[in-house]
Amino acid sequence: ACELTDALLPEGLCNPRLFRLLTACLEHLDRFPATPSDRRFFELNFLNVLGYRPLLEHCAVCAGELTGGAWLSHSTAACGLLCGRCGRGGSAVSMATVILLRQALLTGRFGVISFSPDELDEAGRFLDCAIAALLQRPLKALSFLREMSE
């Protein structure tokens, strides 16, 4: 969380909302063990606060509403999710994952949203791509987290 903030927040820029999000994340980590769901909660809300919120309600190509139990594909070029018509190829993202991502933007508290292992995988691929598109260099913390999970 700290490295991501350092990498994407312009130096000297005051952003009270981002400060509150980072503080809430660190306070939560001080009281509870770190979970992958909390990481994804932070990343999505971080993107939202900085104005890079991925589209979660409408297809990033045709602007059609994303509804039902359909599987969706993500596209970093389109910066959002794609409907079944527009999303040829790419990685599938279930509607259950999309709903949890939407809920993560509506709740203001860490520890409330819990992704299943499959939902974590889908949300992770989606958010990793969205963040990587904004970064100038890979985050060192991501390499560390990958090593720890192996």
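How far apart should the end C-alpha atoms of helix 3 be at 1.5 Å a residue, and how far apart are they? Keep helix 3 in mind as the place to begin, and remember throughout that the model on screen is predicted.

**Whole chain**

Before zooming in, display the chain as a cartoon and follow it from the N terminus, where the elements run α-α-α-β-β-β-α-α-α, giving 6 helices and 3 strands. Colouring by burial will mark 39% of the 150 residues as buried, while the surface that the chain exposes amounts to about 8800 Å², of which carbon and sulfur atoms supply 56%. If you draw the contacts with a separation of 6 or more, 61% of them come from residues 24 or more positions apart.

**Helix 3**

Now select helix 3, residues 36-50, and compare its ends: the 15 residues should span 21 Å at 1.5 Å a residue, and the end C-alpha atoms are indeed 21 Å apart, so the two values agree. Helix 3 is mostly covered, since 11 of its 15 residues are buried, and the buried ones include Ser37, Asp38, Arg40, Glu43 and Asn45 as well as Phe41, Phe42, Leu44 and Phe46. To see what covers these buried residues, add helix 1, helix 2, helix 4 and helix 5, which are among the covering elements. Just after helix 3, stop at Gly51, where phi is positive, at about 90°.

**Helix 2**

Move next to helix 2, residues 16-31, which has 16 residues and reaches 22 Å from its first C-alpha to its last, close to the 22 Å expected at 1.5 Å a residue. Select Leu18, Leu21, Leu22, Cys25 and His28, which are the buried residues to show here; because they cover an arc of only 125° around the axis, they lie on the same side of helix 2. An α-helix has 3.6 residues a turn, so residues three or four places apart point the same way. Rotate to the face turned away from this buried side, and you will find the exposed residues Phe19, Arg20, Asp30 and Arg31. The cover over the buried residues of helix 2 includes helix 1 and helix 3.

**The largest nonpolar core**

Which residues of the largest nonpolar core touch the most other members? Select Leu4, Phe42, Leu81 and Leu101, which hold that place among the 38 residues of the core. Two or more residues of this core come from each of helix 1, helix 2, helix 3, strand 2, helix 4 and helix 5. Centre the view on Leu4 and, setting aside its neighbours within four places in sequence, show its contacts: Phe42, Glu43 and Phe46, together with Ile131, Leu135 and Leu139.

**Thr97 and Val98**

Finish in helix 4, which holds both Thr97 and Val98. Is Thr97 buried or exposed? Its relative accessible area is 0%, so Thr97 counts as buried, and its side chain is joined to that of Glu122 by a polar contact of 2.5 Å. Leaving aside neighbours within four places in sequence, Thr97 is in contact with Phe115, Glu119 and Ala123 as well as Glu122.

Then select Val98, which is likewise buried because its relative accessibility is 0%. Not counting residues up to four places away in sequence, Val98 touches Leu56, Leu72, Leu81 and Val93. As a last step, draw a distance from Val98 to Glu122: these residues are 24 apart along the chain, and their C-alpha atoms are separated by 9.2 Å.

Terms used:
Residues numbered from 1 in each chain as written. Predicted model: local features only at pLDDT ≥ 70, side-chain atom pairs only at ≥ 80, totals over all residues. Heavy atoms only, no water. Core = buried A, V, L, I, M, F, W, Y, C linked by side-chain atoms within 4.5 Å. Buried < 20%, exposed > 50% of the residue type's maximum accessible area, 1.4 Å probe, protein only. Helix = DSSP H or I, 4+ residues; strand = E, 2+ residues; numbered from the N terminus. Contact = heavy atoms within 4.5 Å. Polar contact = N/O pair within 3.5 Å; in protein donor to acceptor, adjacent residues only side chain to side chain. Expected span 1.5 Å × (residues − 1). Areas by Shrake-Rupley, 256 points an atom, 1.4 Å probe, with all protein chains shown as cover. Arc of directions from axis to C-beta.
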